[in-house]
Amino acid sequence: MDHSLKSPPIAALDDAFHAMIEASRSALPPPLATRLDRLTRLRTLLAANEKRLEQAISADFGHRCAVETTIAETLFLQTEIKHTLKMLPRWMAARRIATSLQFWPARNRLIPQPLGVVGIIAPWNYPLQLTLAPAIGAIAAGNRVLIKPSELTPRFSALLKELIAAQFDPTELSVTGIEDGIAQAFAGLPFDHLVFTGSTRVGRIVAEAAGRNLTPVTLELGGKSPTIVDISADADQAAERIAYAKLLNAGQTCIAPDYVFVPEPQRDAFAGKLHRSMQEMFGTNPTNGDYTSIISDRHYARLEGLLRDAIARGAKPLSTTSPEDPAWKKLRKFPPTVVVGATPDMAIMQEEIFGPLLPVMTYRHADEAIRYVNAHDRPLALYWFGSDEAAREAVLARTVSGGVTINDCLLHFAQMNQPMGGVGASGIGHYHGEWGFNSFSKLKPVFYRSPFNRMKDLYPPYGASIARIEKLLRFLS
């Protein structure tokens, strides 16, 4: 398309991308000192503007619990940057690779190399963490990074753009606008790697757009993450931990427990424990500052629709009040609700909830829960509670998920030495720590031939000696 025919935001995006591409193709890979400097500037930016970022995020939500922003976003990123600064010299080093005997005394090395320009399409639910966590890995790998924030967090997006522009050259790290058409144009650019965090539905669209350029993607998606409470579990402890994980960020977390399987005889008692734990943590007053608002009226209405459908189909809600209560609705605070007696035909069991609704289902035998999980899309996370090792190992062996936490929820995500990523409909690829560095690098294999190698003996014309060489190669293979 003629540049003059593009809207100003699209033209600006195009200019920013091509400036990065030109810089990445014309400059040498950034040395360790440059990468450490970029990461240090990012750490300084976060520390100096923590309160401003927290306030912008809260304003976008209507209300966002400040402690949740600190723990789940700011401190998480500071921890990841600290870990990356410490480990980066080792990650960047050429890696020794064993050389097969028939090629001795040659050498093999695996050399990490920047891909070039990495694009990040960020979500709204953890706008700071899920924007900058993949950027940390991409910067560590020596790439230039272009970010497209979510249009649902306009105050945060504008602030991040301002702060990044003040600390970084636009060819190092840059933030685009959130105007109409930006997301589609962004996904269609020929990045060297593209990261998207969001819903499975939109992930398919992004993957299709990237595929037209053969752009490799990391897709961090969602889905319905199951929680299985074994008969051997400490029910009080499990209920408390599940309730906390579910209500963090008011359930607007991609790895939140989406539904709970409990032994059939324990259903009502366990649902009551969940409800009590929710009330003990967040009370019954919508003005409680510890409880976060739903991001928009549209998402609030979607949650209302899920609950109405479940009730119409026979489910029993356990909640302080109705979501239609004006005191809650005007603040977009959706009352924490346990949905007892959920069944597969309900809408609440057919789409990712992404809110403070927690369906409780039952099983008579543990195999039933495993079969149910395996009959649906691979989840981003799976949680299991219990003390029976055989039952635990059966679940681990027979289910496939992006990650697992045993006897708690969410905590596998916070492990810097473990990869974060989904499988199938819940995602493609990994990041965090060294996994992110590797994802955003070309690990280039290099073979160094020795002058003493006798490979020339294999060149034609083939004579009588070739039979002896073939015999030797068969022996060594």
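**Close-up views of a predicted model**

**View 1. Surroundings of Glu220, annotated as "active site" in an unreviewed UniProt entry.** The UniProt record places this feature at Glu220; the structure shown is a predicted model. Glutamate 220 belongs to strand S7, which spans residues 217–220. Its relative accessibility is 4%, so glutamate 220 counts as buried, the limit for that class being under 20%. Setting aside residues up to four places away in sequence, glutamate 220 touches Phe196, Thr197 and Gly198. Its contacts also include Met420, Gly421, Gly422 and Ser426, together with Gly429, His430 and Tyr431.

**View 2. Isoleucine 348 in the largest nonpolar core.** This core has 109 residues. Ile348 is among the members that touch the most others, a group completed by Leu42, Ile242, Ile255, Phe270 and Leu357. With neighbours within four places in sequence left aside, isoleucine 348 is in contact with Lys224, Asp258, Leu306 and Ala310, as well as Val339, Ile353, Leu357 and Pro359. Another core, of 21 residues, lies apart from the largest nonpolar core; Phe17, Met20, Ile21 and Val117 are among its residues.

**View 3. The open sheet S1-S2-S16.** Three strands make up this sheet, and their pairing is antiparallel. Strand S1 (95–97) and strand S16 (441–448) are the edge strands, each pairing on one side only. From one strand to the next, the twist averages 30 degrees.

**View 4. Pairing of strand S2 with S16.** Strand S2 covers residues 107–114 and runs antiparallel to S16, to which eight bridges join it. Glutamine 113 has lysine 442 as its bridge partner in S16.

Definitions and conventions:
Residues numbered from 1 in each chain as written. Predicted model: local features only at pLDDT ≥ 70, side-chain atom pairs only at ≥ 80, totals over all residues. Heavy atoms only, no water. UniProt positions renumbered as here; feature names shortened; annotations may be inferred. Helix = DSSP H or I, 4+ residues; strand = E, 2+ residues; numbered from the N terminus. Buried < 20%, exposed > 50% of the residue type's maximum accessible area, 1.4 Å probe, protein only. Contact = heavy atoms within 4.5 Å. Core = buried A, V, L, I, M, F, W, Y, C linked by side-chain atoms within 4.5 Å. Pairing = 2+ DSSP bridges. Axes fitted to C-alpha atoms, helices over the stretch in contact; angles between N-to-C directions.
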